[in-house]
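Here's a quick walk through one model, from a single side chain to the core and then out to a couple of loops. Have the structure open as you read.

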Amino acid sequence: MAYISTKNEEEKVISVQSEEQWQRRDLELANWLRRVKRRRRAKQTVLLGNIEVDAEMFGTLACLKRMNIQTEFSCAGVSPLDEPEDHSLYAYITMFSSEKTDRFVQFAMGRMRHRLLVTFEPSRNRYDLSSFFIGHNRSFCLLLQRCAETFARLEQERTAEKLTIKYGLGKHTD
């Protein structure tokens, strides 16, 4: 586990990446800085309620909202070739810790493994989930959406099972 100090706060890196993966990430950053970046298209946004979000992150955010997992910030990062000036190198989403959020983060780390960088800020009680590698933002958004959708389905099944056990639903004896 690594620690990142930011303005008198500590962020704990809770995901697992090897030293070689961190070296690859540093190399990708150095290469990205040297590359010529030409704009191909503008960043695309849509409304989620009354908040403008990146189109690539909409499915994930909508699914998390339906599950009552509270998010604060997000960015799909868009491809640096699409919009090099209005660009985040890494796609990310910030969410507040709760029992369900904690389960989702563990689920996503298990599913996305080294592709997901997860930090936790104890002072703000929130997680940052981001793409680990540069240039993988679109696939990160798709993988995170798939994780959210699968987690939502599993949570529904978990709730149904609890109700079945608690109320004896579905068990008929004659």
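## A buried glutamine

In this predicted model, glutamine 21 has a relative accessible area of 19%, so it counts as buried, the cut-off being under 20%. Glutamine 21 belongs to helix α1, which covers residues 19-34. What does its side chain do there? A polar atom of the glutamine 21 side chain sits 2.7 Å from the backbone nitrogen of serine 18. Setting aside residues up to four places away in sequence, glutamine 21 also touches Val16, His114, Phe132 and Phe133.

## The core

Now for the nonpolar side. The largest nonpolar core counts 31 residues, and Leu64, Met95, Phe104, Leu116, Leu129 and Phe140 have the most contacts inside it. At least two residues of this core come from each of α2 (58-66), β6 (92-96), α3 (99-112), β7 (116-121), β8 (126-131) and α4 (137-167). The top contributor is α4, with 7 residues. In soluble globular proteins, nonpolar side chains tend to be buried together.

Take phenylalanine 140: beyond its neighbours within four places in sequence, its contacts include Met57, Tyr92, Met112, Leu116 and Leu129. Arg115, Ser130 and Ser131 are also among the contacts of phenylalanine 140.

## Two loop asparagines

Finally, a pair of residues with positive phi, neither of them glycine.

| Residue | Loop | Phi | Relative accessible area |
|---|---|---|---|
| Asparagine 68 | between α2 and β5 (71-75) | near 60 degrees | 67%, exposed |
| Asparagine 125 | between β7 and β8 | near 55 degrees | 38%, partly exposed |

Conventions
Residues are numbered from 1 along each chain as its sequence is written. This is a predicted model: local features need pLDDT of at least 70, side-chain atom pairs count only at pLDDT 80 or more; totals for chains, interfaces and linings use all residues. Side-chain values use heavy atoms; hydrogens and water are left out. Helices (H or I, at least four residues) and strands (E, at least two) are DSSP runs, numbered from the N terminus. Buried means under 20% relative accessible area, exposed over 50%, partly exposed in between (1.4 Å probe, protein chains only). A polar contact is a pair of N or O atoms within 3.5 Å; within protein, one must be able to donate a hydrogen and the other to accept it, and residues adjacent in sequence count only if both atoms are side-chain atoms. Contact means heavy atoms within 4.5 Å. A nonpolar core is a set of buried Ala, Val, Leu, Ile, Met, Phe, Trp, Tyr and Cys residues joined through side-chain atoms within 4.5 Å.
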